[in-house]
Amino acid sequence: GKAKQLLPYGDKNLLQHAVDTAIETGMEPVIVVLGARGDIISKSLTGMPVKIVVNSAWEEGMASSIRCGINELLHHYPQADGAIVMVCDQPFVSAGLLDSLLETQHETGNSVVAATYEGINGTPVLFHRKIFSSLMELKGDKGARKFLGEHPEWVATVSFPEGKLDIDTKTDYENLQQWKKNPAT
């Protein structure tokens with residue numbers, strides 16, 4: 001019943017934390033794709049060096065947000081070599097992890113470098129520009145996960161065991177709050 005992007009996380013909200021993490025890498029541009037409640041959520045990013053784009057097809061799911069972001073990137077930054085797709089509900093994503101995706105892509109030459117946790121390849125994930133046309137064909141709520149499974153030969157991975165924690169429910173958020181109070185458990 002609430003916009004999870006605006007849930008408090010430390011002295012910020014989840015979205016501000018994710019945006020700060022992306023900015024910390026020095027990679028540019030940082031494009032934030034918003035959907036439902038985008039007008040309200042965007043206010044929390046006032047003054048941050050980001051390009052905000054609203055996905056009017058947000059009800060379709062993650063694939064439409066990926067298409068929206070890649071379209072924005074290609075329109076305004078056609079020289080971009082790649083894109084990292086990340087979500088704000090993975091609070092343990094760090095600038096170091098994002099940098100590792102890029103380093104792994106340079107080392108391996110793979111077109112896709114995904115974070116991996118609990119046997120799942122997922123976000124954050126780096127896509128080389130030669131994959132953009134395939135991303136523009138994605139449909140549904142699974143984002144690029146099906147795509148990653150269909151083309152394992154294109155995918156290198158970076159271990160991210162903390163990626164198993166994402167904030168999809170009120171219980172997930174309560175568990176995160178509890179962990180912050182007592183990280184040793």
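## A walk through the fold

In strand 4, the residue sitting across from Val33 is Val53. That pair is one small piece of a predicted model, and it makes a handy place to start. Val33 belongs to strand 3, which covers residues 31-34, and its neighbour strand 4 covers residues 51-54. The two strands run parallel and are held together over four bridges. Which side chains of strand 3 are buried? Val32 and Leu34 are, and they point to one face; Ile31 and Val33 point to the other face and are not buried.

Strand 5, residues 82-85, shows an alternating pattern too. Here Ala83 and Val85 point to one face and are buried, while Gly82 and Ile84 look the other way and are not. In which sense does strand 5 pair with strand 7? The answer is antiparallel, over four bridges. If you want a spot to click on, take Ala83, whose bridge partner in strand 7 is Phe127.

### The overall picture

Stepping back, the protein has seven helices and eight strands. Its radius of gyration is 16 Å, close to the 16 Å that the globule rule gives for 185 residues, so the protein is as compact as a globular protein of that length. Along the principal axes, the C-alpha atoms fill a box of roughly 40 × 35 × 30 Å. Of the 185 residues, 43% count as buried.

How do the contacts spread along the sequence? Taking contacts between residues at least 6 apart, 65% of them join residues at least 24 apart. As for the surface, about 10000 Å² is exposed, and carbon and sulfur atoms supply 50% of that. The protein carries 17 positive and 23 negative charges, and the mean positions of the two sets are 6 Å apart.

### Helix 1 and what surrounds it

Helix 1 spans residues 14-24. Eight of its eleven residues are buried, so this helix is largely enclosed by the rest of the structure. The buried ones are Leu14, Leu15, Gln16, His17, Ala18, Val19, Thr21 and Ala22. What do they pack against? The partners are strand 1 (8-9), strand 2 (12-13), strand 3, helix 2 and helix 4 (95-108).

Two of those partners bring up residues worth a look. Pro8 sits in strand 1 and, with a relative accessibility of 46%, counts as partly exposed because buried would need a value under 20% and exposed one over 50%. Pro8 and Tyr173 are 165 residues apart in sequence, yet their C-alpha atoms are 9.7 Å apart in space. Setting aside neighbours within four places in sequence, Pro8 is in contact with Asn13, Tyr173 and Gln177.

Helix 4, for its part, holds Glu107. Is Glu107 buried or exposed? It is exposed, at a relative accessible area of 65%. Glu107 and Ala156 are 49 residues apart along the chain, and 9.9 Å separates their C-alpha atoms.

### Backbone oddities

A few backbone angles deserve a second glance. Two peptide bonds leading into prolines are cis, and two residues that are not glycine have a positive phi. Here are the angles side by side:

| Residue or bond | Feature | Angle |
|---|---|---|
| Glu28 to Pro29 | cis peptide bond | omega about -5 degrees |
| Thr123 to Pro124 | cis peptide bond | omega near -10 degrees |
| Arg37 | positive phi | phi near 60 degrees |
| Glu118 | positive phi | phi about 50 degrees |

Where do the cis prolines lie? Pro29 is in the loop between helix 1 and strand 3, whereas Pro124 is within strand 7, residues 120-128.

The positive-phi residues are in loops. Arg37 lies between strand 3 and helix 2 (38-42), and Glu118 lies between strand 6 (112-117) and strand 7. Arg37 has 41% relative accessibility and so counts as partly exposed. Glu118, at 62%, counts as exposed, because that value is over 50%.

Strand 3 thus turns up on both sides of this tour: the loop holding Pro29 comes between helix 1 and strand 3, and the loop holding Arg37 comes between strand 3 and helix 2.

Note on methods: Residues are numbered from 1 along each chain as its sequence is written. This is a predicted model: local features need pLDDT of at least 70, side-chain atom pairs count only at pLDDT 80 or more; totals for chains, interfaces and linings use all residues. Side-chain values use heavy atoms; hydrogens and water are left out. Buried means under 20% relative accessible area, exposed over 50%, partly exposed in between (1.4 Å probe, protein chains only). Two strands pair if DSSP finds at least two bridges between them. The radius of gyration is taken over C-alpha atoms; the globule rule is 2.2 Å times the number of residues to the power 0.38. Contact means heavy atoms within 4.5 Å. Accessible areas come from the Shrake-Rupley method with a 1.4 Å probe; for residues, only the protein chains shown count as cover. Lys and Arg count as positive and Asp and Glu as negative; His and the chain ends are not counted. The place of a charge is taken as NZ of Lys, CZ of Arg, CG of Asp or CD of Glu.
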